[in-house]
Amino acid sequence: MDSPAESPQKGHTRTRSAVKATRPRSSTKGPLDVDEISLTSPLSPQQQSPAMRSLPLGSGNPTGLKSPIPGSPLPRSAAASPAPASTSKRAPPRPKDFSFLLRPENYHPLNALNLPPAFRNPSAAPNQLSPDTPVQDLLSRGHFRAAAIAATQILTSTTPLSGSSSIPLIDPTDSARIFSLLYTRLACLTLLDLTSLAAQEVKVLEDLNSPFYLDETTGEHLVPWELRVLNVRLQAIGFGDPRRSVMAYYDLAREARAQLSLSMAKHDYSARELWKDRLQELGVKVAGALVEMDDLSGARVHLKSLEKTSRDGGKKTGLGMARALLWLHLGDVDAARECVLSSYSLDDAAEQEGIKEKVVLALCDMADGEYERALDRWFDLREESDDEMIGVNTAVCLLYVGRMQEGKELLEGLVDAGRSSRTLLFNLTTMYELCTEKARSLKTRLADKVAAMEDTPNGWERTNADFKL
């Protein structure tokens, strides 16, 4: 019997697997990396119209037509006539409404209980103020409390209408004026040593990184840069989260780097210097925030990481001095000296013995306990400059070497010359307490003398704490 025909056996063959489509690996960026600026696209994300930015993901064609295949004829529209012009135009975006910042309950009343009697009635002082004095005039004359009150009155004032209704005196959509007055209010509270009060009032802004604070047409931030920087520290204090400030400073640094890159691409040198200074200032503020968090080791590492080659920025904005003072606060005297020396460029060898360097070197000598050598430096500086800070430090150094009477007379001479900083008054009242048992009467007379002085942009009002009353 014939066996059934067997099917031919197949040899070992290779089965081709299906080819799967793969996507290229997406690149990642760090928190402070500068975003690449597209040079091939005719419109950058900031330059695109709001209509283009509002399209859903994947809908690159606003007409809804399929993209043509390369090499195929272009598809024709069903309608031969073009679309009406009215359908291609979109209404301009509505202005942002900031009426929530005009509510009176957002702001606290400022009482005068912490002021000496001579400062409680500014109209009785030689520098009288009228109720309708503009805010800018109040600021230029150093009346920060009156300026803070005036700014709040403008923000919360209303115009009565028929019946019981009323409208705000200021336009709720005028973001520039609203934020300018709000910054004046918060900055004045900080200068008046009412930081805790400002930290409560700033909570009304909530998250300034929200798209609500962006201009829908230009993409620019509506809040001024100065207010955004001040908001960081105040909100960290108000919410009791000091780490919040470090993260917020890094968010601002990311934006500063992007703006710096954009200004360099446009060859806008003035904007480049502006954003460079802002970026360096944020670096110093991060170090200060770490010190306030008692993270001293982190502050040291951060200060060392700051670019030491940014000498021009440190010289123009005083950041070299700020870094040196932070190093002194951390107890590293050698780093403070090096920081001041590195803030000068090589072409400024003639200025190596400048006033800023001598001031820090004198402070370093005092930190090392070398009061005699520091006193010599202070006396040399007083011959070069009539700065109040130099005089106060000279008096303090005289106190440490046992010449307290000379230090007291030096401080009293500064007051007679019209100087009245908080540091000067505090040190003078301290010497009154050390010299005599009748210090309170001396403090009261000192308060009356300071209240009778002419106002200055540095601030006229002083509190009981400034006189240790």
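# Three helix pairs and a cavity

In this predicted model, helices α17 and α18 are oblique to each other, because the angle between their axes falls in none of the ranges that count as parallel, antiparallel or perpendicular. To see this pair, select residues 404–416 for α17 and residues 422–435 for α18, whose axes cross at roughly 140° and come within 10 Å. The crossing of α17 with α18 is left-handed. Now show the side chains on both sides: from α17, display Met404, Gly407, Lys408, Leu411, Glu412, Leu414 and Val415, which meet Leu424, Asn427, Leu428, Met431, Tyr432, Leu434 and Cys435 of α18. If you colour this contact by residue class, it divides into 10 nonpolar, two polar and two charged residues.

Next, move to α4 and α5 by selecting residues 144–156 and residues 175–191, where the two helices pack with their axes 8 Å apart and at an angle of about 150°. With angles over 145 degrees counted as roughly antiparallel, α4 and α5 are therefore placed in that class. Their crossing, too, can be inspected for its hand, and that of α4 and α5 is left-handed. On the α4 side, select Phe144, Ala147, Ala148, Ile149, Ala151, Thr152, Ile154 and Leu155, and then add the residues they meet in α5, namely Arg177, Ile178, Leu181, Leu182, Thr184, Arg185, Cys188 and Leu191. Sorted by class, the contact between α4 and α5 holds 12 nonpolar, two polar and two charged residues.

The third pair is α9 with α12, so select residues 269–292 together with residues 319–330; here the axes cross at roughly 15° and come within 11 Å. Since angles under 35 degrees count as roughly parallel, α9 and α12 are therefore described as roughly parallel to each other. Viewed for its hand, the crossing of α9 and α12 is left-handed. The residues to display in α9 are Asp277, Gln280, Glu281, Val284, Ala287, Gly288 and Val291, and their partners in α12 are Leu319, Ala322, Arg323, Leu326, His329 and Leu330. This contact of α9 with α12 consists of seven nonpolar, three polar and three charged residues.

Finally, leave the helix pairs and turn to enclosed space, for the structure holds two cavities of 30 Å³ or more. The one to visit is the second largest cavity, which contains about 40 Å³ of space. To outline this second largest cavity, select Ser420, Val450, Met453, Glu454, Asp455, Thr456, Gly459 and Trp460, the residues that line it. Coloured by class, the lining of the second largest cavity shows three nonpolar, three polar and two charged residues.

Technical notes:
Residues numbered from 1 in each chain as written. Predicted model: local features only at pLDDT ≥ 70, side-chain atom pairs only at ≥ 80, totals over all residues. Heavy atoms only, no water. Axes fitted to C-alpha atoms, helices over the stretch in contact; angles between N-to-C directions. Helix = DSSP H or I, 4+ residues; strand = E, 2+ residues; numbered from the N terminus. Parallel < 35°, antiparallel > 145°, perpendicular 65-115°, else oblique. Left-handed = near helix turned anticlockwise from the far one by under 90°. Contact = heavy atoms within 4.5 Å. Nonpolar A, V, L, I, M, F, W, Y, C, P; charged D, E, K, R; others polar. 1 Å grid on protein atoms, 1.4 Å probe; cavity = no way out; pocket = protein on both sides within 12 Å on 5 of 7 lines; lining within 4 Å. Points joined across faces, edges and corners; volume = space filled by probe spheres on them.
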